[in-house]
Structures are given as C-alpha cells and as structure tokens.
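Please work through the following exercises with the sequence and the model at hand. Each task is followed by a solution in steps.

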Amino acid sequence: MTPTQPASPDAVVRLSDVQKFYGDYAALRDINLDVQAGEKVIICGPSGSGKSTLIRCLNRLEVHDGGKIVVDGVEMDGDTKNLATIRSEVGMVFQQFNLFPHMTVLDNLILAPMRVRKCTRDEAKDIAMSLLERVRIPEQADKYPSQLSGGQQQRVAIARALCMKPRILLFDEPTSALDPEMISEVLDVMAELASEGMTMICVTHEMGFARKVADTMVFMDKGQIVEKAPTEQFFNTPQSPRTQIFLDQILSH
Amino acid sequence: MLNITRFGLLLTACLLLSGCAESNYTWGWHIVSPFDARGQTNLQFLMNGVFSTISVALVSITCSVILGLLVALPSLSKNKPLLFLSRIYVEVFRAVPMLVLILWVYYGVPVLTGLQLSVFFAGVIALALCDSAFEAEIFRAGLQSIEDGQREAADALGLSYGDKLRFIILPQAVRRVLPPLGNQFVYMLKASSLLSVIGYSELTRRANELVVVEYRPLEIYTLLVLEYLVLILLASWCVRKLEHRLARSDRTATR
Ligand SMILES: Nc1ncnc2c1ncn2[C@@H]1O[C@H](COP(=O)(O)OP(=O)(O)OP(=O)(O)O)[C@@H](O)[C@H]1O
Ligand SMILES: [Mg+2]
C-alpha cells in the first residue's frame with residue numbers, strides 16, 4: 001500500500017480530504033486514509049502533528065470541518081442516528097484510561113451494554129466477566145478503579161471498550177501514562193486482540209510493538225499524512241526525509 | 001463531640017450576657033418556663049413553629065436545588081443563547097435581596113396575576129428563586145470540575161446525553177457539591193425567618209407575636225436564638241453524616 005493507491009471499495013474506515021481547524025490553525029489537512037477490515041494501522045509523528053485529532057474525528061469526539069469520513073458504510077455527518085451507529089461500532093481506549101471512578105470495575109463494563117445495547121444485567125455481566133478474564137483481571141471485578149494499578153486500569157478500559165463488541169478499536173497513546181514496568185502487560189493484551197483479527201487504529205510511540213503488530217504505518221507531521229506504508233517498508237526504507245529523521249530520533253533511544 | 005462543646009460554649013455566653021443586663025432588670029423566665037402553666041402554653045406555642053420552619057426550608061431547598069440544577073445544565077453545552085439566559089437568571093436573582101423578593105411575591109404577584117398565594121407558597125417561591133441562583137453557581141462549578149475525559153469516555157461508549165448525565169456526570173458532580181449544598185440548607189433554615197414579615201407562622205413570627213402579648217423581648221428572643229442554634233446544629237450534623245456516607249462509597253481516580 002502506498003499513499004497513491006486508489007481507494008478500495010471495502011474499507012471499514014474511509015477518510016477523504018478530511019480537514020480540521022482550530023480557529024485559523026489547520027490541525028488536519030487533506031487527510032486521505034482507508035482502513036480495511038482486520039487491518040492494524042499505527043499512527044506516529046511528533047507532538048502536535050494531529051494524531052489525536054485524527055483518531056478522535058473517527059468517533060466524532062472532534063467534529064471535522066471538511067471532507068468525508070465513512071465508518072463501516074455509515075457517513076459521519078450531523079445525523080445523530082448515524083453517529084449512534086458509528087459509536088456502537090467503534091471502541092476507544094484513552095491515554096488517561098478515563099474509567100468512571102464512582103463505579104466498580106464491573107459496573108464500568110456493564111453500563112454501556114445495558115443502556116445502549118439493551119442487554120439484561122446478567123447478559124452484560126457474562127460478557128464483562130469473560131472480557132475481564134481475557135485481559136487477565138477477573139478477580140478485580142468488584143474493586144474501584146482507584147484501587148488498581150495503572151496497567152490494570154488500562155486493561156479494564158480495554159475490556160470496557162470491548163464490551164460493546166465494536167468492529168474497530170481506537171487507541172490514543174494507551175501506554176503513555178503508564179509506569180515502564182506496566183507497559184508490556186497492556187501491549188500484550190493489545191497484541192492478542194490484534195492476532196484475533198480486530199481492526200485497530202492506534203497512536204503510539206512503542207515502535208517495537210508497531211513492528212510486531214502493525215500492517216500499515218502512518219507518519220503524520222503538521223496535520224498531514226507524510227507517509228503511509230506497509231510496516232517492513234516503513235521501517236526499512238522510509239521514503240520521506242521527515243520520516244527518516246523522526247525514526248532516527250525515536251529509535252535512537 | 002464538637003457540637004456539644006460548641007453548644008455548651010454558647011449557652012455559657014448567653015448566661016454571661018444575661019448577667020450583663022441592667023442590674024435592676026428582673027428576669028421573667030417564668031413566661032417560658034416548662035414548670036409554669038402559662039410558660040408551658042407559651043413554650044408550646046413557640047416550639048410549634050419549628051415544623052413550619054423546617055417544612056418551608058425543606059420544600060424551598062428542594063425546589064431551589066432542582067431549579068439551580070436546570071439553570072446550571074447549559075454550562076455543559078456550548079449553546080450560546082441558553083448560556084446567556086442562565087447567566088442572566090443567576091445575575092438577577094443573586095442581586096435581589098431575599099426580603100424584597102418575599103414582599104414582591106406575596107404582595108405583588110396577586111395583583112399581577114389575580115392569584116391569591118398562601119404565605120407558605122409565596123415564601124417557597126421567593127426563597128427558592130433567590131437561593132436557586134446560588135445553587136446554580138454551585139452546580140456549575142461542580143459540573144465543570146468533572147474532567148473532559150469522563151464525558152469523552154461516555155460519548156465513545158455511545159451513551160445518550162441523558163444517560164451520560166444520569167450515570168456519569170451527575171453522580172460525580174453531586175458528591176463534589178454536597179458540602180456547599182449542605183451550607184445552603186443551613187442558610188435556608190435561617191433565611192426562612194424572613195417569612196415572618198408576611199405572617200408565616202414559623203419560629204420568628206411566633207416569637208414576635210408572643211413578645212407583643214408578654215412584653216418580654218429579652219427572654220423570648222434569647223429562647224429564639226437557642227431554638228435556631230439547636231435546629232442548625234442538628235441540621236449540619238445530618239448533612240455531615242450524609243457526606244460521610246457518600247464519601248465512603250466514593251473513590252476518586254488516581255492517575
Ligand atoms: N481544542 C483545541 N483547541 C485548539 N487547538 C487544539 C485543540 N486540540 C488540539 N489543538 C492543536 O491541534 C494540534 C494537533 O493536536 P493533537 O492533539 O492532535 O496532536 P498530537 O499529534 O496528538 O500530539 P501529542 O503527541 O502531543 O498528543 C496541536 O497543535 C494542538 O495544539
Ligand atoms: Mg495526542
């Protein structure tokens with residue numbers, strides 16, 4: 001895949017000429033990106049390059065100002081029904097976990113399935129417990145988020161996103177707020193998800209993880225996609241000098 | 001217990017004060033003495049006002065909390081006209097003195113609308129309107145203190161606006177605003193004494209009426225002070241109990 005490749009018809013996420021402005025400042029410019037079902041896309045780039053903005057446009061935490069975003073065949077416009085459909089297909093994991101501090105881990109997980117998917121409490125609980133096993137913390141179900149370590153909290157957050165059975169998962173620097181010794185437990189869970197065929201779009205600076213998991217690497221700078229390439233090619237023979245400089249900096253330490 | 005020591009101190013202060021009265025003043029505590037037939041009747045008359053004070057304060061604070069919350073809700077949105085309206089509301093009702101609003105509602109509204117308001121109802125309207133401006137400010141601060149991440153997580157999960165408010169934002173905001181809301185309730189208990197001017201038969205009004213009959217202002221108003229003191233110490237004790245109970249179930253996320 002190269003930036004010039006024509007849009008494929010069966011992409012689950014499709015962005016064409018997406019623009020986003022904060023006042024006069026262009027946070028995103030002419031973003032074109034297709035993501036196939038099951039594809040793992042990892043986005044990297046310097047601070048302020050628009051990575052978060054891009055990923056947050058995909059579930060309308062930010063509203064794009066121009067261009068078109070289509071998720072799973074549904075266009076992201078002002079329509080609230082479309083938005084509800086998209087949000088039920090797209091899960092998100094945040095840098096700061098954003099767990100609900102006044103609820104137990106289990107309640108964090110079952111709230112959305114019960115309120116949005118209209119599951120019964122027991123159904124939701126079954127899903128939640130099986131997901132907590134998958135992220136390897138079933139014994140923490142009745143604790144409050146503040147009683148868990150950062151790594152455990154982030155794994156709960158991943159389970160919470162999975163509870164809605166999304167087709168696409170978004171991660172915005174999921175390990176940046178973690179102590180070093182907890183990073184791998186979260187990355188392991190993510191790698192496992194990836195191997196099970198989940199479509200993932202992930203902003204991260206964990207290049208070892210990217211090499212292992214990503215199908216496609218995207219490098220952003222100043223609100224634009226500078227380079228998009230298959231992982232091997234991206235790391236071995238980056239085309240843009242800006243990508244090269246970035247990779248040199250980030251891989252040198 | 002802190003409350004009891006505080007109460008004791010005030011009682012001593014009152015006694016000291018009575019000692020300072022003009023030396024030729026003869027105390028007439030018998031008019032409110034529980035060991036005297038007339039005193040008993042008077043005491044009963046005064047104390048009965050307690051229910052009126054509590055009920056009007058409770059109803060008013062309930063209305064004003066609901067009003068205040070509604071007025072504060074626009075602060076969650078970026079809707080300019082709504083924000084402007086809520087701003088105006090707060091500014092207006094914060095500016096009008098409570099006593100003035102009580103008089104205006106009781107004597108003015110019937111002329112304006114032809115509806116005859118009971119003193120209780122007029123009092124509730126006036127107290128609730130005035131107080132709701134402050135409640136709105138308290139709620140606004142509480143709502144805005146909830147981190148953006150909480151809203152974003154709720155949105156990302158696809159929760160509706162109502163569910164987001166009900167399950168995520170309000171439960172956290174209410175825990176944070178409970179102490180100032182408790183203060184407002186105590187304040188409301190005190191402010192209800194203003195309703196004596198429109199003839200609402202609460203503690204203060206009854207004391208005034210008794211003073212006219214017995215002509216013993218010092219004894220009766222001293223007793224009134226004690227009545228409010230007990231009432232308010234009890235109220236703040238209840239509020240604190242409630243806070244503790246919520247605090248125990250509350251957990252704040254550590255980052
Ligand atoms: N709400 C906002 N208002 C104004 N400017 C904003 C806002 N959010 C982001 N920006 C700006 O948009 C640009 C892109 O921000 P974004 O958060 O997407 O960067 P990023 O690539 O995620 O950076 P980082 O690696 O630091 O997270 C930045 O220059 C930022 O200052
Ligand atoms: Mg970011």
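The exercises below concern backbone geometry, a pocket and cavities in this predicted model.

**Exercise 1. Backbone angles at two aspartates**

Determine where Asp30(A) lies, and whether it is buried, partly exposed or exposed.

Solution.
- Step 1: Asp30(A) is not a glycine, yet its phi is positive, at about 45°.
- Step 2: In chain A, the residue belongs to strand β2, which covers residues 25-36.
- Step 3: The relative accessible area of Asp30(A) is 44%. Partly exposed applies between the limits of 20% and 50%, so Asp30(A) is partly exposed.

Carry out the analysis for Asp72(A), starting from its phi.

Solution.
- Step 1: Asp72(A) has a positive phi of about 55°, although it is not a glycine.
- Step 2: Asp72(A) sits in the loop of chain A between β4 (66-71) and β5 (74-75).
- Step 3: With a relative accessible area of 26%, Asp72(A) is partly exposed.

**Exercise 2. The largest pocket**

Describe the largest pocket by its volume, its lining residues and the classes of those residues.

Solution.
- Step 1: The space in the largest pocket comes to about 900 Å³.
- Step 2: The lining of this pocket consists of 24 residues, and those closest to the centre are Arg60(A), Arg87(A), Arg151(B), Asp155(B) and Lys164(B).
- Step 3: Two or more lining residues come from each of α2 (80-89) of chain A, α7 (148-156) of chain B and α8 (161-191) of chain B.
- Step 4: Sorted by class, the lining holds 10 charged, 9 nonpolar and 5 polar residues.

**Exercise 3. The cavities**

How many cavities of 30 Å³ or more are there, and what lines the largest cavity?

Solution.
- Step 1: The count is 3 cavities of 30 Å³ or more.
- Step 2: The largest cavity encloses about 60 Å³ of space.
- Step 3: From chain A, its lining includes Arg87(A), Val90(A), Gly91(A), Met92(A), Phe94(A), Arg160(A), Ala161(A) and Met164(A). Chain B is represented by Ala153(B), Ala156(B) and Leu157(B).
- Step 4: The elements giving two or more residues to this lining are β6 (90-93) and α5 (150-162) of chain A, together with α7 of chain B. Of the elements, β6(A) gives the most, with 3 residues.
- Step 5: By class, the lining of the largest cavity has 8 nonpolar, 1 polar and 2 charged residues.

Key: Residues numbered from 1 in each chain as written. Chains lettered and ligands numbered in written order. Predicted model: local features only at pLDDT ≥ 70, side-chain atom pairs only at ≥ 80, totals over all residues. Heavy atoms only, no water. Helix = DSSP H or I, 4+ residues; strand = E, 2+ residues; numbered from the N terminus. Buried < 20%, exposed > 50% of the residue type's maximum accessible area, 1.4 Å probe, protein only. 1 Å grid on protein atoms, 1.4 Å probe; cavity = no way out; pocket = protein on both sides within 12 Å on 5 of 7 lines; lining within 4 Å. Points joined across faces, edges and corners; volume = space filled by probe spheres on them. Nonpolar A, V, L, I, M, F, W, Y, C, P; charged D, E, K, R; others polar.
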